[in-house]
Amino acid sequence: MIDLTYFKEQFEQLQLEDADEHIAAIRKQSFDTFNKAGLPTFHTEEWKYTGISSLFNQTYAQIGHTITAADVAALRMPGHHKANELVFVNGRFDFSLSNILSSDTEMKVLSLKDAVNGEYRDLVGKHLNKSTEYIKDGIHALNGAFITEGVFIHILKGKIPHHPIYVYHILDSRQHHTLAQPRSLIYVDENSKLQLTETYVTLGSSDSFCNEVLEIVVEQNAIVEYYKIQNDTANASQVSTTHIRQVGRSYVHTVAITLNGGIVRNNMNLILDATGNEAHLYGLYLLRGKTHADNHTLIDNRKPECFSNQLYKGIADDSSTAVFNGRIMVQPDAQKTNSFQSNKNILLSDNATINTKPQLEIFADDVKCSHGCTVGQLDEEALFYLRARGIPKEKAEVLLLQAYSADVLAHIKPMAIRAYVEKLIYEHLSIV
Amino acid sequence: MKDKQDSLEQAVLNDYKYGFVTDIDTDVIPKGLNEDVIRLISHKKNEPEWMLEWRLKAYAYWLTLEEPTWANIKYPVIDYQDIIYYAAPKPKKQLNSLDEVDPELLSTFEKLGISLVEQKRLTGVAVDVVMDSVSIATSFKEQLSEIGVIFCSISEAIQQHPELVKKYMGSVVPMTDNYFAALNSAVFTDGSFCFIPKGVRCPMELSTYFRINTENAGQFERTLIVAEDESYVSYLEGCTAPMRDENQLHAAVVELLAMEKAEIKYSTVQNWYPGDKEGKGGIYNFVTKRGICKGDYSKISWTQVETGSAITWKYPSVILKGDHTIGEFYSVAFTNNHQQADTGTKMIHLGKNTRSRIVAKGISAGFSQNSYRGLVRASKHATNARNYSQCDSLLLGDKCGAHTFPYIEVKNKTAIVEHEATTSKIGEDQLFYCRQRGIDPEEAVALIVNGFAKEVMNQLPMEFAIEAQKLLAISMEGSVG
């Protein structure tokens with residue numbers, strides 16, 4: 001039995017700090033949900049293939065950190081000098097380490113606390129914590145219970161910020177096991193564009209657990225490009241929920257790359273809540289060692305004439321486990337929906353496991369929906385072709401796996417990020 | 001579009017054509033379920049002590065279970081104490097031939113279009129008819145016994161071949177398997193038993209007709225088919241039931257065992273009363289069907305056409321234990337009005353070089369919900385396992401739903417598993433093409449749906465293919481898309 005009294009104590013402590021009534025209400029409600037639902041187990045359908053109870057066998061410290069600007073400088077992704085860099089340390093947004101280049105007339109970055117106390121009070125009240133309508137489990141509620149210093153970003157109406165946003169989640173595990181629960185809300189106003197890249201870094205050899213919730217609201221004619229790069233250490237686990245609501249006719253494009261980590265769970269929710277929405281979801285997971293990666297996608301087609309396409313590809317080697325669960329829902333009103341999904345896997349080791357579960361739940365008749373998934377191996381003939389030309393087996397395999405990844409990588413639009421990910425993948429695959 | 005809706009309405013209004021009640025004296029025990037009822041059933045069937053013990057054990061286990069709720073179906077709570085667990089038509093005297101069978105009973109089957117006499121004379125199909133719970137007549141038995149095939153009711157098998165029943169019953173679907181299997185193990189009243197000895201290719205299709213007749217009598221059959229080395233059998237099962245207002249529970253268990261190089265082909269046409277157009281009444285069909293390819297090079301093939309029942313909960317599965325074994329699953333599920341179907345298959349690859357193929361076609365109309373739920377598992381030692389699954393759904397109305405829940409679990413690096421699923425309505429262009437060539441909308445839809453289901457229909461034996469196509473046509477009548 002897992003002892004959750006730690007969280008109870010923490011929560012009581014948190015109650016002592018003063019908070020906005022709205023935030024306090026969300027915390028209270030979430031904590032009740034957490035107490036009621038508890039942690040997900042293998043009997044929870046959505047967590048059938050991913051056990052996270054091991055992450056709760058130890059205590060995490062939520063104390064201050066010693067991260068300096070020099071530490072951040074070492075972790076930077078290419079293109080940073082032209083990007084707005086937002087730094088979260090142990091789940092808390094750190095203004096002093098962040099570097100915002102865009103002016104106030106393009107985008108505003110506020111702490112959630114400031115946003116809810118200022119001009120954005122109503123907006124935050126309306127859009128924060130909508131993800132609970134879809135995710136009812138305890139782990140998601142745990143994040144809600146500890147909403148603290150999250151960030152609120154507003155991309156202003158009609159603006160396309162000149163600089164993209166890079167988000168670094170840094171967990172300082174040099175002395176203690178660290179738990180981080182970042183929480184953000186991004187409001188992409190009409191006719192504007194958001195380009196966001198998120199990455200996660202754990203420093204030190206102690207364990208870290210990042211339980212993140214990011215909500216993005218997309219208005220009429222807006223464009224969202226979202227990239228997530230997960231290449232953390234083997235003792236870094238995370239549950240990362242991205243809840244995107246397209247409330248106006250808009251376009252969303254996401255790519256999630258998972259290379260290294262402990263237990264990595266991604267919830268990618270797309271709520272198509274306006275006529276004619278379009279969404280493209282891509283994912284790539286290349287797993288080695290003992291990494292366990294679980295990608296859950298949910299597309300809820302609520303309004304007519306929406307289009308969505310998903311492509312998730314993965315490789316599982318050594319004793320890793322890859323899980324894909326893609327759920328497409330088409331509500332009765334959502335006629336003329338086109339929704340497609342494809343999941344392809346390569347299994348390279350008998351100790352590795354691939355579990356995949358595409359789901360279609362369709363309540364409207366005039367739709368075109370399909371899903372396909374495969375589990376297989378590298379093409380023997382392609383391998384032979386390369387080896388016949390003098391390329392050693394290991395190299396040939398890397399070459400083929402790189403080619404296999406290219407389908408997804410081609411959808412990373414910023415060249416700097418794509419080159420960076422390609423390099424990471426090459427290094428990742430070349431380790432013997 | 002308007003025409004389309006109207007015609008769909010018509011289809012929805014279609015009456016159940018096989019709704020009538022046969023008036024025969026039945027031997028009924030009081031409602032309810034407890035140890036005494038189980039003892040009574042066992043006593044009435046004159047069973048040996050070990051069988052009773054087995055039943056009681058299953059009942060004790062069942063009491064510890066809770067009814068499963070994971071399936072995508074909704075129904076009122078079943079009161080297991082409000083069900084009659086045993087109903088046998090009273091035999092007037094010992095029967096030696098078909099001529100002695102109750103004429104009323106025979107005419108019932110004639111109405112269904114499967115006159116025993118005719119079948120016996122014309123088609124060479126041996127029919128083991130189950131009327132409610134007791135086998136009434138068994139034909140061709142002697143012919144079969146000459147080549148060593150045992151084909152009889154399960155009660156008879158318990159009496160005459162206890163060693164076989166003891167050895168195989170519960171070996172594929174243990175009594176502890178699930179809620180409904182445990183219930184069945186405790187109260188099963190009849191069913192068929194079939195044993196094909198080594199090297200025998202069963203010369204005729206074996207078939208049985210299940211028919212629920214007595215009001216409030218749930219039927220709990222148990223079927224066991226054992227195919228020894230290098231044998232072959234094709235088994236047909238078909239069902240129709242009379243129109244009733246109260247829900248009737250049906251929880252069957254079917255077990256198949258295929259030894260080395262044996263092949264079993266199991267085909268089902270299910271057309272029980274689906275309830276009226278408001279969703280009132282209808283059969284609750286909770287079935288556990290499973291086969292095991294025990295020996296190397298064996299093969300099990302399930303084919304099903306499901307058009308009836310208010311609720312279908314059914315996952316015919318194959319455990320591919322031997323090396324080089326093959327599992328197949330072909331299914332057409334048609335739901336209309338308020339019918340709900342949650343059906344699919346499980347292919348468990350354990351042996352080397354095992355292959356499986358799944359073709360599932362779902363057609364939903366009216367207010368119905370049609371789900372495919374399946375599992376393909378390649379275990380760590382299933383080298384070169386190969387699976388191909390295809391599930392297609394066709395929607396014939398804007399109030400119905402089609403869902404797919406495939407689970408794929410692979411632990412072997414040489415396994416290749418493929419799954420694809422599509423959902424759509426009938427293409428306007430296809431309809432236009434037909435209508436342009438003078439085919440009326442109704443016929444055009446029937447044509448397209450028939451084409452949609454063809455791949456599965458082709459798998460049915462001749463005798464059933466005709467009936468199945470008729471059934472689909474009845475369901476389709478007037479439903480212009």
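Reader: Hi! Which residue takes a positive phi in the hairpin of strand 1 and strand 2 of chain A?

Author: Hello! In this predicted model, that residue is A:N90, with a positive phi near 50°. The hairpin has 2 residues between its strands.

Reader: Cool. How many bridges join those two strands, and do they run parallel or antiparallel?

Author: Strand 1 of chain A and strand 2 (residues 92-99) of chain A run antiparallel, joined by 4 bridges. To find one spot in that pairing, look at A:V89, which stands opposite A:R92 in strand 2 of chain A.

Reader: And how does strand 1 of chain A sit beside strand 5 of chain A, parallel or antiparallel?

Author: Those two run parallel, and 6 bridges join strand 1 of chain A to strand 5 (residues 165-172) of chain A. Here you can look for A:F88, which stands opposite A:H169 in strand 5 of chain A.

Reader: Why is strand 1 of chain A described as largely enclosed?

Author: Strand 1 (residues 84-89) of chain A has 6 of its 6 residues buried, so the rest of the structure largely encloses it. For a residue to count as buried here, 20 or more other C-beta atoms must lie within 10 Å of its own.

Reader: Which residues of strand 1 of chain A point one way and which the other way?

Author: A:N84, A:L86 and A:F88 point one way, while A:E85, A:V87 and A:V89 point the other way. All of them are buried.

Reader: Nice, that helps. Switching topic: what domains is chain A divided into?

Author: There are domain 1 (5-274) and domain 2 (378-432). Taken over C-alpha atoms, the centres of domain 1 of chain A and domain 2 of chain A are separated by 31 Å. The contact involves 13 residues from domain 1 of chain A and 13 residues from domain 2 of chain A.

Reader: Which strand of chain A gives the most to domain 1's side of that contact?

Author: Strand 10 of chain A does, with 4 residues. The elements giving two or more residues to that side are strand 8 (193-203), strand 10 (223-231) and strand 12 (251-260) of chain A. By class, domain 1's side of the contact with domain 2 of chain A has 8 nonpolar, 4 polar and 1 charged.

Reader: What does UniProt list for residues 176-403 of chain A?

Author: An unreviewed UniProt entry lists them as "domain: SUF system FeS cluster assembly SufBD core". In the model, residues 176-403 of chain A are 9% helix and 61% strand, and the end C-alpha atoms are 40 Å apart.

Reader: Now the two chains! How many residues of chain A are in contact with chain B?

Author: 29 residues of chain A are in contact with 29 residues of chain B. On the chain A side, strand 19 (353-362) and strand 20 (368-376) of chain A are the elements that give two or more residues. Strand 19 of chain A gives the most, with 10 residues. That side of chain A has 12 nonpolar, 11 polar and 6 charged residues.

Reader: Which strand of chain B pairs with strand 20 of chain A?

Author: Strand 24 (residues 416-425) of chain B does, in the antiparallel sense over 8 bridges. One place to look is A:K368, whose bridge partner in strand 24 of chain B is B:S424.

Reader: Last one: how many helices and strands are in chain B?

Author: Chain B has 12 helices and 24 strands. Of its 481 residues, 55% are buried. Among the contacts in chain B with a separation of 6 or more, 85% are between residues 24 or more positions apart.

Note on methods:
Residues numbered from 1 in each chain as written. Chains lettered and ligands numbered in written order. Predicted model: local features only at pLDDT ≥ 70, side-chain atom pairs only at ≥ 80, totals over all residues. Contact = placed C-beta atoms within 7 Å. Nonpolar A, V, L, I, M, F, W, Y, C, P; charged D, E, K, R; others polar. Pairing = 2+ DSSP bridges. UniProt positions renumbered as here; feature names shortened; annotations may be inferred. Domains from an automatic or database assignment. Buried ≥ 20, exposed ≤ 12 C-beta atoms within 10 Å, placed from the backbone.
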